[in-house]
Amino acid sequence: VKESLIGRGKPGAVLKMAEKVESAPGPEEKKLKLSEPAAREPEGNQAPAERSGFNLNGFSVKKILRESARDKIVFIHGKVGQDCGEAQDAVVILEKTPFCEETLPQLLNKDADLRLQMRNDIYSTHHLYPLPSFNEIKTTVVYPATEKHLKKYLKQEMYLINETADDYKTITSLYLQSQALSVQWVYNILEKKAEVERIIYENPDPQDGFLLIPDLKWNQKQVDDLYLIAICHRRGVKSLRDLTAEHLTMLRNILQEGQVAIAKRYNIPQSQLRIYFHYQPSYYHLHIHFTALSYDAPGSMVERAHLLSSVIENLQTDPEYYQKRTLTFALKADDPLLQSFKEAERV
């Protein structure tokens with residue numbers, strides 16, 4: 001797939017489209033996909049599967065951290081290498097993949113094992129046991145996992161925070177400085193040291209450009225749950241709170257060029273895309289989420305998501321809108337930032 005020049009960045013900015021998209025290990029921690037075919041285009045082109053670098057023979061289940069019957073996903077804490085006396089923690093995430101229209105004829109054919117459970121008049125229920133090739137479970141591994149990873153995936157009570165501008169300066173900003181959270185993996189992507197083959201689109205302008213890359217939550221086999229991330233080239237912009245009118249050109253580039261790139265590659269119009277920021281974000285280098293409107297994406301709820309189009313309009317109205325506004329977000333019970341708000345008697 002090739003992309004034409006759009007020219008919405010600074011003069012001379014060249015916009016590139018990668019020739020293909022493939023799965024790659026995750027950036028924030030060491031994430032491995034197990035027994036999963038190499039990512040393919042929604043049209044069905046399939047590359048040979050790569051062998052996993054993670055051995056389940058040495059894995060033992062310790063605890064279910066969290067599960068969702070609705071989302072068909074489970075988060076498992078396990079140990080690796082316990083038999084050798086050097087056990088390390090791991091998190092394994094199992095998720096049932098969505099159905100793919102192109103494979104339905106092969107799924108529903110004479111080779112499938114269909115067993116009757118109940119019949120009443122014209123209605124009946126069955127268990128379908130498809131061929132092994134259609135029994136894929138998307139598997140993400142965090143290994144070795146730290147205590148922070150275990151807490152991240154553990155089901156916990158949530159607390160709603162109303163962060164004023166003063167709260168950000170006296171609580172949140174100081175907390176972020178004390179944590180010194182690393183985003184080196186983001187810089188590796190931006191500098192083409194990692195995940196180069198996964199880049200969908202790029203505007204390389206160092207101030208107003210960005211990369212568009214598939215999120216690990218999307219297996220790229222169908223567009224119903226499309227999920228891409230735009231990562232800004234400009235450094236030093238951590239989150240929504242840092243945005244001013246100075247960043248409007250960059251934000252418009254992401255909105256307009258991202259929509260065009262997705263429409264050309266995946267045939268999804270802008271009216272069927274949800275484009276938004278998270279606040280608080282999961283990592284502090286400015287990035288924007290692109291998801292299919294039909295997909296109930298994690299983090300798209302009202303207390304966390306801020307539509308990019310609304311952010312642009314707010315900054316046009318008031319260049320310092322996000323330096324002044326009270327922002328609401330939810331925190332888990334064991335989040336250290338929540339503790340900081342409690343110590344300041346703001347919760």
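## Helices on a six-stranded sheet

Helix H6 (residues 308-317) lies across E12, E13 and E14 and runs at about 65° to E14. Helices (H or I, at least four residues) and strands (E, at least two) are DSSP runs numbered from the N terminus. Angles run from 0 to 180 degrees between N-to-C directions, with axes fitted as lines to C-alpha atoms, for helices over the stretch in contact (heavy atoms within 4.5 Å).

This is a predicted model, where local features need pLDDT of at least 70 and side-chain atom pairs count only at pLDDT 80 or more, while totals for chains, interfaces and linings use all residues. Residues are numbered from 1 along each chain as its sequence is written, and side-chain values use heavy atoms, leaving out hydrogens and water.

Now the sheet: it's open, with six antiparallel strands in the order E9-E10-E11-E13-E12-E14. Strands E9 and E14 sit at the edges, each pairing on one side only; a pair takes at least two DSSP bridges. On average, neighbouring strands are turned by 30° against each other, direction ignored.

Helix H5 (residues 248-266) packs on this sheet too, at about 40° to the direction of E10. The strands H5 touches include these:

| Strand | Residues |
|---|---|
| E10 | 210-214 |
| E11 | 227-232 |
| E13 | 287-292 |

E12 (residues 273-278) pairs with E14 in the antiparallel sense over three bridges, and Tyr 276 has Leu 307 in E14 as its bridge partner.

Zooming out, the protein has eight helices and 15 strands. Buried residues (under 20% relative accessible area, 1.4 Å probe, protein chains only) make up 45% of its 347 residues.

Technical notes
Buried < 20%, exposed > 50% of the residue type's maximum accessible area, 1.4 Å probe, protein only.
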